[in-house]
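Please examine the sequence and the model below. The questions that follow concern its side-chain contacts, sheets, helices and cores.

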Amino acid sequence: MPKATLIRRHPVVSWTSAAVLAASCLTGCVASSAQEISAPSPKPLAPCAWWYGIGEPPTSRDIELAAKRYQVVVLNADQGTAMRRLRQLNPRVKVLVYKDLSSTRNYPGAVDGGQDAVFLPSGIGYVAAQEHHPDWFALDTKGRRIEWQGYPKHWQMAVWNPDYQQAWTDAVVAEVKREGWDGVLADNDFNSLSHYSPAVLAGTANVAETDRKLRDGLDAFLAKAGDALTNSDKILVPNVSETHLVPGRWTAHSRFGGAMEENFGFRENGGTGGLLTFRGNEFQELRAQAALGESWLLLVTRTHNAREERSGYASAALLAGPQTCWTRATTDDYRDPEWSTLQDSGLGEAVDAASRLPNGVWTRTFTHGWVAVNTTAATQTVVAPEGLVRPGTPPPTPTPTPTLSPTASPSTSASPTSTAPPPPLTVEAADAVILVDPKQLVKRVTRDELRIGRLWAR
């Protein structure tokens, strides 16, 4: 699907002002009271893990794994029982309900027996709209409803219509409060209808005007729904798309609890270019939000190979803040819980802000490791800190201390100490290097052995 914690009714700000504020907080924000001075700052830890669980209904095993692994979980509206079980296992996990902003649907499960389902993937049911508000369906220039290509029985709605916005908001807020969700993952906060249809909306002259009408409508829609959810102590996290094209859009649309980037670390030009996330203002806006640590960044990297997995995780590590979560997606329909062994790298806490080298490589240092991301379409080199190894390297074997014979005399000439700098590392285009302290490898093996021992003891 196209792309797409609590900040209390903040005004819309430009990405530049947010970036300035975030940059100042990286070196220590000035507190306005003694209480603020004494409050501990949230730690910018390596990216947490999250699960976009909107594929098949989760099994009991899925929920048990989710409770151990994830800080944020998104489930479909009909999975309230799974949400409550997850809360029992891990009261700290944030559980959001999936709701689509831009469509209503009449496939089986959304409509059964001629009636809208009790729990909808959208805010407004197809049957209810058909019977009472047919004007809420978007129409093309020939007066036809717009069905999304590739997604049968998904119908584009008039997201710019204030009555549709209010009805969606009222229904979703009531359901979230009644069922006990922490908030909403609002899908399809998109930048262009062309992801789903080449149609031109009635009343617009061309695709550009169509897209502008949708964007303006979604801007107003997000403000209305976000205010209502915030007033109910719930969060709104839209799946917002292509924010590198519209400066300030990520910042504005993430202000009610965060935002989701479903194509994070995506490579341009059919897989031959640099990393799209670093185009335009998007990375600066993501970075500013992450540094503030007040809302969720939910990042998804679609991975087909180890390079994509590395570059996605390492790019998330460049942004790592208190509420920056990353996951990989190996299927388009999110069937199963995802996990990457890179989540176990043990980077620790970031000790500096990410910085960009003149050759376009970004680096960041952590208490137990270091990452470098080559965002460009050409091979680059970078010098890494000494003493670190790649995740997956076998743990070091302790070397026995040699003992001298009582009759042996020490050598009178010592080997000269090498002062040569470490050789530079080569980083391929749109790739990354992740290095960790080898002591972490030993600790992790020990923890795993203990865990496995406890499991066998059961």
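Q: With which side chains does the side chain of histidine 253 make a polar contact of 2.5 Å and one of 2.6 Å?
A: In this predicted model, local features need pLDDT of at least 70 and side-chain atom pairs count only at pLDDT 80 or more, whereas totals for chains, interfaces and linings use all residues. Residues are numbered from 1 along each chain as its sequence is written, and side-chain values use heavy atoms, with hydrogens and water left out. A polar contact is a pair of N or O atoms within 3.5 Å; within protein, one must be able to donate a hydrogen and the other to accept it, and residues adjacent in sequence count only if both atoms are side-chain atoms. The 2.5 Å contact is with aspartate 189, and the 2.6 Å contact is with aspartate 219.

Q: Is histidine 253 buried or exposed?
A: Histidine 253 belongs to helix α8 (residues 249–253); helices (H or I, at least four residues) and strands (E, at least two) are DSSP runs, numbered from the N terminus. Contact means heavy atoms within 4.5 Å, and beyond four places in sequence histidine 253 touches Asp189, Leu218, Asp219, Leu222, Pro238, Val240 and Gly258. Buried means under 20% relative accessible area, exposed over 50% and partly exposed in between (1.4 Å probe, protein chains only). Because its relative accessibility is 2%, histidine 253 counts as buried.

Q: Which residue has a backbone nitrogen 2.9 Å from a polar atom of the side chain of aspartate 437?
A: Aspartate 437 is placed in the loop between β18 (432–436) and α12 (438–457). Its relative accessibility is 18%, so aspartate 437 counts as buried. Outside its neighbours within four places in sequence, aspartate 437 is in contact with His368 and Leu388. The backbone nitrogen at 2.9 Å from its side chain is that of lysine 439.

Q: Which strands are at the edges of the open sheet that contains β14 and β15?
A: Two strands pair if DSSP finds at least two bridges between them. The sheet has four strands in the order β13-β14-β15-β18, with antiparallel pairing. Pairing on one side only marks the edge strands, β13 (355–356) and β18.

Q: Which residue in β18 stands opposite valine 371?
A: Strand β15 (residues 369–374) and β18 run antiparallel and are joined by five bridges. Along this pairing, valine 373 stands opposite alanine 432. The residue opposite valine 371 is isoleucine 434.

Q: How many residues of β15 are buried?
A: In a regular strand the side chains alternate between the two faces of the sheet. Gly369, Val371 and Val373 on one side of β15, and Trp370, Ala372 and Asn374 on the other, are all buried. The number of buried residues in β15 is therefore six of six.

Q: Why do the buried residues of α4 line one face of the helix?
A: The buried residues of helix α4 (residues 80–89) are Gly80, Ala82, Met83 and Leu86. The arc is that of the directions from the helix axis to the C-beta atoms. On the other side of α4, Thr81 and Gln88 are exposed. The buried residues line one face because, seen down the axis, they fall within an arc of 160 degrees.

Q: Which helix gives the most residues to the largest nonpolar core?
A: A nonpolar core is a set of buried Ala, Val, Leu, Ile, Met, Phe, Trp, Tyr and Cys residues joined through side-chain atoms within 4.5 Å. The largest one has 50 residues, and those with the most contacts inside it include Val73, Leu75, Leu86 and Trp168. With six residues, the helix that gives the most to this core is α7 (residues 207–231).

Q: What is the phi of alanine 430?
A: Most residues other than glycine have a negative phi. Alanine 430 is found in the loop between β17 (425–427) and β18, and its relative accessible area of 0% means that it is buried. Although alanine 430 is not a glycine, its phi is positive, at about 55 degrees.
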